[in-house]
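Student: I should like a close look at one part of this model, taken residue by residue. Please then set that part against the rest of the chain.

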Amino acid sequence: TSAADFCRVRIGFGTQRLASRLVVPAIDSMHRPDPLALTAMRRFVDTHSTVPDVPISIELRGLVTVIGAKRQARALVRALMCQLAVMHSPNSVLIAAVVDNRSQPDWDWLKWLPHNRHPNANDDIGPARMVYSSLETAKEALAGLSVDQHVIVVDDGTDIVLSMRDEDPVAELRLQDRKRRVGKECRSRWS
């Protein structure tokens with residue numbers, strides 16, 4: 001991936017503006033335009049300035065809130081983590097998880113990703129998996145990592161939070177239940 005695509009993930013489909021902006025040409029004041037043709041031209045420009053149903057992607061920096069039911073929120077985060085794992089080396093992106101006993105089965109699959117292996121810590125069977133029971137434990141375990149590696153933390157406690165370390169500023173993707181409204185709403189549709 002290029003630097004522009006680093007940690008950029010597709011979240012769904014939506015309407016995007018054209019890359020080349022369509023503009024109504026300036027009309028010479030000496031010529032009176034036909035009102036019907038002028039209206040048709042403006043309607044044409046308005047209609048064709050955007051393209052519907054194209055992939056929408058975001059860069060995992062800053063704060064993004066996705067509002068929805070836990071099942072759908074987890075499915076979206078799972079898709080985002082898989083995209084990151086496919087498009088980025090574990091040398092540049094690490095994926096950690098903070099889970100409780102109830103949500104642990106939903107994130108057990110992370111153990112198969114090389115991105116979930118701690119680069120410095122080992123346990124009895126090799127590199128320690130970066131799955132923690134609290135955010136504080138995760139922060140302590142990840143504190144000494146190189147600033148060259150971006151760390152994404154999936155926190156499936158009350159909220160699902162993805163945090164990315166980038167020279168210490170933290171970026172989050174927070175998924176919350178539909179009942180609580182915060183931030184921008186991103187709609188995703190996976191087919």
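**Charged and aromatic pairs, and their setting**

Tutor: Asp108 is a suitable place to begin: its relative accessible area is 29%, so the residue is partly exposed. The model is a predicted one, and what follows should be read as a description of that prediction. The side chain of Asp108 meets that of Lys111 in a salt bridge, with an N to O distance of 3.2 Å. Lys111 is likewise classed as partly exposed, because its relative accessibility is 31%. The cut-offs matter for this reading: buried requires under 20% and exposed requires over 50%, so a value in between is called partly exposed.

How many salt bridges does the structure hold? The count is 2. Besides the pair just described, Asp106 forms a salt bridge with Arg74, and the closest N and O atoms of that pair are 3.3 Å apart. This bridge connects distant parts of the chain, since Asp106 belongs to helix H3 (residues 104–107) and Arg74 to helix H2, with their positions 32 residues apart. The two ends of this bridge fall into separate classes of accessibility. Asp106 has a relative accessibility of 30% and therefore counts as partly exposed, whereas Arg74, at 16%, counts as buried.

The aromatic side chains come next. A search of the whole structure returns 1 aromatic pair. Its members are Trp107 and Trp109, whose ring centres are 6.3 Å apart and whose planes stand at 40°, so the pair is tilted. The reasoning rests on two cut-offs: centres must lie within 6.5 Å for rings to pair, and an angle that is neither under 30 degrees nor over 60 gives the tilted class. Trp107 has a relative accessibility of 3% and for that reason counts as buried.

Helix H2 leads from the charged pair to the interior. The largest nonpolar core has 22 residues, and within this core Met81 and Leu84 touch the most other members. Two or more residues each are supplied by strand S1 (8–17), strand S2 (50–59), helix H2 (70–87), S4 and strand S8 (150–156). The most is given by H2, with 6 residues. Another core, of 10 residues, lies apart from it, and among its members are Leu94, Val98, Ala138 and Val153. One cysteine merits a remark here: Cys82 has a relative accessible area of 35% and is thus partly exposed. The number of disulfides comes to 0.

Strand S4 (residues 93–99) deserves its own paragraph. It is mostly covered, with 7 of its 7 residues buried. In a regular strand, side chains alternate between the two faces of the sheet. Here Val93, Ile95, Ala97 and Val99 point one way, while Leu94, Ala96 and Val98 point the other way, and all are buried. Of these, Leu94 and Val98 are among the members of the core of 10 residues. S4 is joined by 2 bridges to strand S7 (residues 131–132), and the two strands run parallel. Within S7, Tyr132 is the bridge partner of Val98.

Some backbone details concern the strands at the start of the chain. Cys7, found in the segment before S1, has a positive phi of about 60° although it is not a glycine. Its relative accessibility is 0%, and Cys7 therefore counts as buried. Asp53, placed in strand S2, also has a positive phi in a residue other than glycine, near 55°. Ala19 offers a contrast to Cys7 in accessibility: its relative accessible area is 88%, so Ala19 is exposed. Ala19 lies in the loop between S1 and helix H1 (35–48). The C-alpha atom of Ala19 is 9.1 Å from that of Ser49, a residue 30 positions away along the chain.

These parts can now be placed in the whole. The protein has 4 helices and 10 strands, and along the sequence they follow the pattern β-α-β-β-α-β-α-β-β-β-α-β-β-β. Buried residues account for 36% of its 191 residues. Among contacts with a separation of 6 or more, 69% are between residues 24 or more positions apart. The bridge from Asp106 to Arg74, spanning 32 residues, illustrates a link between distant parts of the chain.

Definitions and conventions
Residues are numbered from 1 along each chain as its sequence is written. This is a predicted model: local features need pLDDT of at least 70, side-chain atom pairs count only at pLDDT 80 or more; totals for chains, interfaces and linings use all residues. Side-chain values use heavy atoms; hydrogens and water are left out. Buried means under 20% relative accessible area, exposed over 50%, partly exposed in between (1.4 Å probe, protein chains only). Two strands pair if DSSP finds at least two bridges between them. A nonpolar core is a set of buried Ala, Val, Leu, Ile, Met, Phe, Trp, Tyr and Cys residues joined through side-chain atoms within 4.5 Å. A salt bridge is a side-chain nitrogen of Lys or Arg within 4 Å of a carboxyl oxygen of Asp or Glu. Rings of Phe, Tyr and Trp (its six-membered ring) pair if their centres lie within 6.5 Å; planes under 30 degrees apart count as stacked, over 60 as edge-to-face and the rest as tilted. A disulfide is a pair of cysteine sulfur atoms within 2.5 Å. Contact means heavy atoms within 4.5 Å.
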